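This report concerns the salt bridges and cysteines of a predicted model. The sequence and structure are shown below.

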Amino acid sequence: MQRRTTTLLDALDMFLLDCEARRLTDLTRKFYSSKLSIFIRWCAENGVDSLDELTAHDIRRFQVHIQRRQLSSQYQHNLARAIRAFLNYCVRVKRGLYQIADLSSLGVLTLSRYPIAQLLVEDSYISFEAALQFHGMYD
């Protein structure tokens, strides 16, 4: 199975949808959207368009870029906070650790977890075993 490359803009859309699904407030979602748009625009200007291309070095370069602009410490902290939340989400999805826990609390008792996980995020997994199988690390 060939893996699709996820653009940073697609990842941002998925992240914001996840935020809405988790019922984060409008203010929180706007905070993430505005801060992450700055980061993603900088990435695009520096030749980084997909999650696969983004490296720790790129994140450090962005951090130095912001520091050199002499923005307030609070502003820098807010950017870092948003980026950390976004990248944590991306790692969960990318590694296949995104899973549906207990659907019975939502009143859905008989649905299989796999189709629901696939609806939420294409190529998502429902277990660690499924993630290992996808990456060819489990027989």
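The side chains of D18 and R22 are joined by a salt bridge, with a nitrogen-to-oxygen distance of 2.8 Å. D18 is buried, at 7% relative accessibility, whereas R22 is partly exposed, with a relative accessible area of 46%.

The model contains three salt bridges, listed here with their N to O distances.

| Acidic residue | Basic residue | N to O distance |
|---|---|---|
| D18 | R22 | 2.8 Å |
| D26 | R29 | 2.4 Å |
| D58 | R61 | 3.3 Å |

In the salt bridge between D26 and R29, the closest N and O atoms lie 2.4 Å apart. Both residues belong to helix α2 (residues 26–45), and because they are three residues apart, about one helical turn separates them. D26 is partly exposed, its relative accessibility being 47%.

A further salt bridge links the side chains of D58 and R61 at 3.3 Å, N to O. Helix α3 (residues 56–68) holds both D58 and R61, which are three residues apart, about one turn of the helix. D58 is buried, at 7% relative accessibility, while R61 is partly exposed, with a relative accessible area of 31%.

How many disulfides does the model hold? The count is zero, a disulfide being defined as a pair of cysteine sulfur atoms within 2.5 Å. C19 is buried, with a relative accessible area of 0%. C43 is likewise buried, and its relative accessible area is 0%.

Key: Residues are numbered from 1 along each chain as its sequence is written. This is a predicted model: local features need pLDDT of at least 70, side-chain atom pairs count only at pLDDT 80 or more; totals for chains, interfaces and linings use all residues. Side-chain values use heavy atoms; hydrogens and water are left out. Buried means under 20% relative accessible area, exposed over 50%, partly exposed in between (1.4 Å probe, protein chains only). A salt bridge is a side-chain nitrogen of Lys or Arg within 4 Å of a carboxyl oxygen of Asp or Glu. Helices (H or I, at least four residues) and strands (E, at least two) are DSSP runs, numbered from the N terminus.
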